[in-house]
Each structure stands twice: as structure tokens, then as C-alpha cells.
Amino acid sequence: MEPHAEPRKHSLKWTAARVAAALGLFGVVCAALAILFGNFMLNSYARTKIEKAFAAAHPGQVLRIGPMDNSWREGRLATASLLLTTPDFALKTGPIAIHHVRWAPLLSSKPALPEVFAQASLEASNLTFRVLHPAMNCGCARLEASVPAATLSAKAISLWPQMEDEAFFAARPFRNTRFRVVIPECRVAGLSYPELLGGTAYRAQSMHLSGPELEALVNRTSPMIRPPGRP
């Protein structure tokens, strides 16, 4: 199993980077248009333009944005929902709000995400992340992030297979293990947001998990996979 560990690690990092890049692009484009347009134009015209521009820049991927609201004075940008689908995964959320966005850097020709969101905080709820390979779902009831405080907190995290148990075990003729994970709360401190937003590193000082639960179910009636040449 050791030769497969490194590719899987890089694959997970690449998926996380793509999600962060997509959300960062969404925030930058929406914030720039929020400067130029009011809520009416933002929802009736700009929102569709953002979705079309994203599809053109990322073939095979689809971005759908719910009703939006912005406040220039408060540096606030919000949307009722967000849906991002790609050939590898899908991300769906409920309401999202970004506070204390620095609008001025958006006027430059190449705005840098660490500068735009240097004082920003994020609130999001009802997140669902669906991965096709392996076919797993990951949910989060509420997500809060603060760039100045370098913190991230997530509540009611859950991980479960997309198939029911009967279909899950029927998909393979050999013995298999089904996992379900529930984490009431996860808190990350010392998160380097400038490096994360810049796509250069993913690191934090500490992570605290509150009351994690793991449920594992094995179909022991199915035969085990044995190495070649062994009885």
C-alpha cells in the first residue's frame, strides 16, 4: 500500500487547492462587481456573467450562485447559496458571508488574494462536499474563519459513503469496510492564511477535535483479498 500513499496525498492537496482557488476567484470577481454595481445589477446581470465567465475559464466545471447582497461601507459580500460542480467533486453550500473585504486592492490589474482578504472573516453554513473517487460525502453545519486571528472552526462535521450499506458491500465481491465519521467541532489555530490564499503552503500551529466518533462496519461473510501465491 505504501506506493499509493504519496499519489493520494498529492491528489487531496490538489483537490483542496482547486476548491480554494475557485472560492477565491468567486470572492474576487463578485467583490469587484459589487464595487461597480448595486444589488439589483449584481443579481440581474453580473451574477450570470460571473457564472458564464467561470465556465469559459474552467471547461467541464459549473458554478451556480444564489441571490447576492453586498455592502460597500461594511466590506460585506454575501450569497444565499453556492454550487460548484466538477468531474471530480461537487461543493454545495447554504448562506455565505465575507466581512471586511478590502475593496481598494481589487482596483489593481492583478489583485492579490492575501491583500484583498487581509482583514476578512468568513461565515458559511450547510456545506456538503461530494467526492466521486472514492464515492464519499463530507458535510459541515457551520464554518467560520478569521484571517486576522488565523483561526478556523467547523461544527457538526460528518463523513459518510454516498451508497447505502447494502449497495456499498454489493459493489465488491471481497471483504470491505464502511466508515462513518462524526466530529462535533474542529478548531484550527495559527493557520497561515496568506500562504493558503497565495497557494504556496498549507500549515497551522494546532488542531483540536472535540468528541470525534468513528463507526466501522465490515462484511465478514465475504472472502478476504489474499496476496498472489498465498493460500
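This is a short walk through some of the charged side chains in this structure and the partners they meet. The model is predicted, so please read every value below as computed from that model.

A good place to begin is Arg178, which sits in strand β10, spanning residues 177–189. Is Arg178 buried or exposed? Arg178 has a relative accessible area of 3%, and because buried means under 20%, Arg178 counts as buried. Its side chain has polar company there: one polar contact, of 2.9 Å, joins Arg178 to the side chain of Asp165, and another, of 2.7 Å, reaches the side chain of Glu215. If you set aside its neighbours within four places in sequence, the residues in contact with Arg178 include Pro161, Phe168, Phe169, Ala216 and Leu217.

Now move along strand β10 to Arg180. Which residues does Arg180 pair with? One partner is Asp165, with the closest N and O atoms of this salt bridge 3.7 Å apart. This pair links distant parts of the chain, since Arg180 belongs to strand β10 and Asp165 to helix α4 (residues 165–170), 15 residues apart. Another partner is Glu215, whose side chain meets that of Arg180 in a salt bridge of 3.4 Å, N to O. Here too distant parts of the chain are linked: Glu215 is in strand β12 (residues 213–218), 35 residues from Arg180 in strand β10. Salt bridges with shared partners bring Asp165, Arg178, Arg180 and Glu215 together in one network.

How accessible are the members of this network? Arg178, as noted, is buried at 3%. Arg180 is partly exposed, with a relative accessible area of 26%. Asp165 is partly exposed as well, at 23%, and Glu215 counts as partly exposed at 41%.

Let us finish with a pair from another part of the chain. In general, side chains of opposite charge can pair when their charged atoms come close. Glu123 and Arg142 form a salt bridge in which the closest N and O atoms are 3.5 Å apart. Glu123 lies in strand β7 (residues 121–131) and Arg142 in strand β8 (residues 136–146), so their salt bridge ties together parts that are 19 residues apart in sequence. Glu123 is partly exposed at 33% relative accessibility, and Arg142 is partly exposed at 31%. A search of the whole structure finds ten salt bridges, and the pair of Glu123 and Arg142 is one of these.

Technical notes
Residues are numbered from 1 along each chain as its sequence is written. This is a predicted model: local features need pLDDT of at least 70, side-chain atom pairs count only at pLDDT 80 or more; totals for chains, interfaces and linings use all residues. Side-chain values use heavy atoms; hydrogens and water are left out. Helices (H or I, at least four residues) and strands (E, at least two) are DSSP runs, numbered from the N terminus. Buried means under 20% relative accessible area, exposed over 50%, partly exposed in between (1.4 Å probe, protein chains only). A polar contact is a pair of N or O atoms within 3.5 Å; within protein, one must be able to donate a hydrogen and the other to accept it, and residues adjacent in sequence count only if both atoms are side-chain atoms. Contact means heavy atoms within 4.5 Å. A salt bridge is a side-chain nitrogen of Lys or Arg within 4 Å of a carboxyl oxygen of Asp or Glu.
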